[in-house]
Amino acid sequence: MENLQVLKGLLESPKKVVILTHRNPDGDAIGSSLALLHFLEKLGHQCLVICPSEYPNFLDWMAGLDKVIIYDVDPDTSEAAIDAAEMYFCLDFNALERIDKTGELMMAYPSKPKVLIDHHLDPEDFADFVLSETSASSTSELIYDFIRLLGWEKWLDRLIGDCIFTGILTDTGAFKYATSAKLFRTVAALLEAGVNDFLLQDLIFNSQTEKSLRLLGHCLYNRMEILPEFRTGIIVLTKEDYSHFDIQRGDTEGIVNYILRLEGIVMAAFITEQPTIVKISLRSRGDFSVQEIATKHFKGGGHKNAAGGASFIGLKATMNKFYDLLPEYRDALLNSWK
Ligand code: 5GP
Ligand code: MN
């Protein structure tokens with residue numbers, strides 16, 4: 001990170017800090033934000049986290065959620081907090097459009113320092129201090145790196161560690177993707193700081209509702225289509241599915257990954273009909289980049305093997321658009337993995 005000493009100087013006196021993270025926040029968005037919040041509070045700063053939309057229920061146990069403001073629910077408090085902040089941290093997103101209106105509100109203050117910590121490809125150039133590492137498993141892993149870069153690891157404790165571990169665990173699919181020797185060393189340091197990995201795995205993964213587990217069954221049994229000629233699997237959920245299963249935010253978390261359990265499948269697509277948009281969630285194995293598909297065709301982005309985007313032309317036309325893309329990527333799909 002360039003200008004680390006300047007940033008360290010800023011953090012040496014107490015400030016009002018707002019931490020911003022992306023719409024539909026996941027375990028890494030909330031985990032990294034709360035880890036940073038607890039760390040900055042130990043340094044004497046006053047912190048709030050703001051995200052555009054609500055976080056999933058499986059994170060309900062996390063310490064510090066009382067300091068998370070949801071812009072959609074509480075726009076006035078969010079705006080007042082952004083106005084009052086003296087500096088901003090932007091976590092787990094690479095483009096301002098990922099934080100909706102909160103991005104505009106922050107950018108209305110060009111002279112207030114902004115820090116970006118993120119692991120997505122192609123970060124936009126809007127921050128004064130940037131820790132962008134696309135090889136990192138998660139932004140939470142980078143929060144640990146940030147604390148170490150500052151030389152303030154004496155503050156690392158179980159409270160911060162639990163949040164960092166949550167982000168790492170969820171963004172790696174429980175250590176299945178984006179791991180490295182460095183990541184495991186980081187996790188070892190978290191356990192030494194008191195993190196109970198078994199307890200956290202249980203809190204995070206074994207908290208599903210009966211409804212969402214049955215929804216998974218419905219998706220796999222009735223809604224999954226396999227196209228072996230393109231090594232692609234697709235699950236589609238319609239508006240009717242949403243009302244029939246009373247699907248809430250978080251209920252569909254992780255379903256897309258099941259498609260990749262099939263031998264030989266290289267790309268998985270989870271396509272959902274939302275009230276105003278169609279949301280596309282993509283996963284891949286090997287060299288095949290779903291980030292390219294999300295960016296080029298669905299106004300989105302993400303990582304090589306996990307990306308997402310949206311479509312505004314309705315479900316049927318979106319499905320057709322997706323099917324029509326497959327021949328173009330056929331060679332890459334066939335050659336990307338064993
Ligand atoms: P998910 O499929 O779990 O929603 O997202 C997978 C990855 O793609 C995440 O890293 C997320 O940040 C990224 N992503 C998902 N939706 C969008 C989107 O609409 N725009 C962009 N730029 N990235 C997205
Ligand atoms: Mn992340």
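This is a short talk on two sheets and one ligand site in the structure shown above.

Hi everyone, and thanks for coming. Before we start, please keep in mind that this is a predicted model.

Let's begin with the first sheet. In what order do its six strands sit? Reading across, you get β3-β2-β1-β4-β5-β6, the sheet is open, and the pairing is parallel. Now look at the two ends of that list. β3, residues 68-70, and β6, residues 129-132, are the edge strands; each has a single partner strand, so one side of each has no neighbour in the sheet. If you turn the model, you can also follow the twist: on average, neighbouring strands here are turned by 20° against each other, ignoring direction.

Let's zoom in on one pair from this sheet. β1 covers residues 16-21 and β4 covers residues 87-91, and five bridges link them in the parallel sense. To find your place, look for Val-17, which has Met-87 of β4 opposite it. While you are looking at strands, here is a handy rule: in a regular strand, side chains alternate between the two faces of the sheet.

Next, the helices that lie across these strands. Helix α2, residues 27-42, lies across β1, β2, β3 and β4, and it runs at about 170° to β2, which is residues 46-51. Then there is helix α5, residues 139-150, which lies across β4, β5 and β6. Its angle to β5, residues 114-118, is about 125°.

Now let's move along the chain to the second sheet. This one is also open and has six strands, in the order β7-β8-β9-β10-β12-β11, with mixed pairing. Which strands stand at its edges? They are β7 and β11: each has a single partner strand, so one side of each is left without a neighbour in the sheet.

At one end of this sheet, β7 (residues 224-227) and β8 (residues 232-237) run antiparallel and are joined by four bridges. Met-224 has Ile-235 in β8 as its bridge partner. The two strands form a hairpin with four residues between them, and Arg-231 there takes a positive phi near 50°. At the other end, β11 and β12 pair in the antiparallel sense over two bridges, with Gly-302 opposite Ala-307 in β12.

That brings us to ligand 1. How many residues surround it? The count is 13, and the closest are Arg-98, His-120, Lys-279, Ser-281 and Arg-283. By class, the shell holds eight polar, three charged and two nonpolar residues. β12 gives the largest share, four residues.

Let's finish with some distances. The side chain of Ser-281 has an N or O atom 2.2 Å from an oxygen atom of ligand 1. For the side chain of Arg-283, the corresponding distance to a ligand oxygen is 2.9 Å. Gly-308 uses its backbone instead, with an N or O atom 3.2 Å from an oxygen atom of the ligand. On its own, ligand 1 would expose 490 Å², and the protein buries 82% of that. The elements giving two or more residues to its shell are β10 (278-284), β11 (301-302) and β12 (306-311), and those three strands belong to the second sheet.

Thanks for listening!

How values were computed: Residues are numbered from 1 along each chain as its sequence is written. Chains are lettered from A and ligands numbered from 1 in the order in which they are written. This is a predicted model: local features need pLDDT of at least 70, side-chain atom pairs count only at pLDDT 80 or more; totals for chains, interfaces and linings use all residues. Side-chain values use heavy atoms; hydrogens and water are left out. Two strands pair if DSSP finds at least two bridges between them. Axes are lines fitted to C-alpha atoms, for helices over the stretch in contact, and angles run from 0 to 180 degrees between N-to-C directions. Contact means heavy atoms within 4.5 Å. A residue is near a molecule or strand if one of its heavy atoms lies within 4 Å of it. A polar contact is a pair of N or O atoms within 3.5 Å; within protein, one must be able to donate a hydrogen and the other to accept it, and residues adjacent in sequence count only if both atoms are side-chain atoms. Accessible areas come from the Shrake-Rupley method with a 1.4 Å probe; for residues, only the protein chains shown count as cover. Ala, Val, Leu, Ile, Met, Phe, Trp, Tyr, Cys and Pro count as nonpolar, Asp, Glu, Lys and Arg as charged, and the others, Gly among them, as polar.
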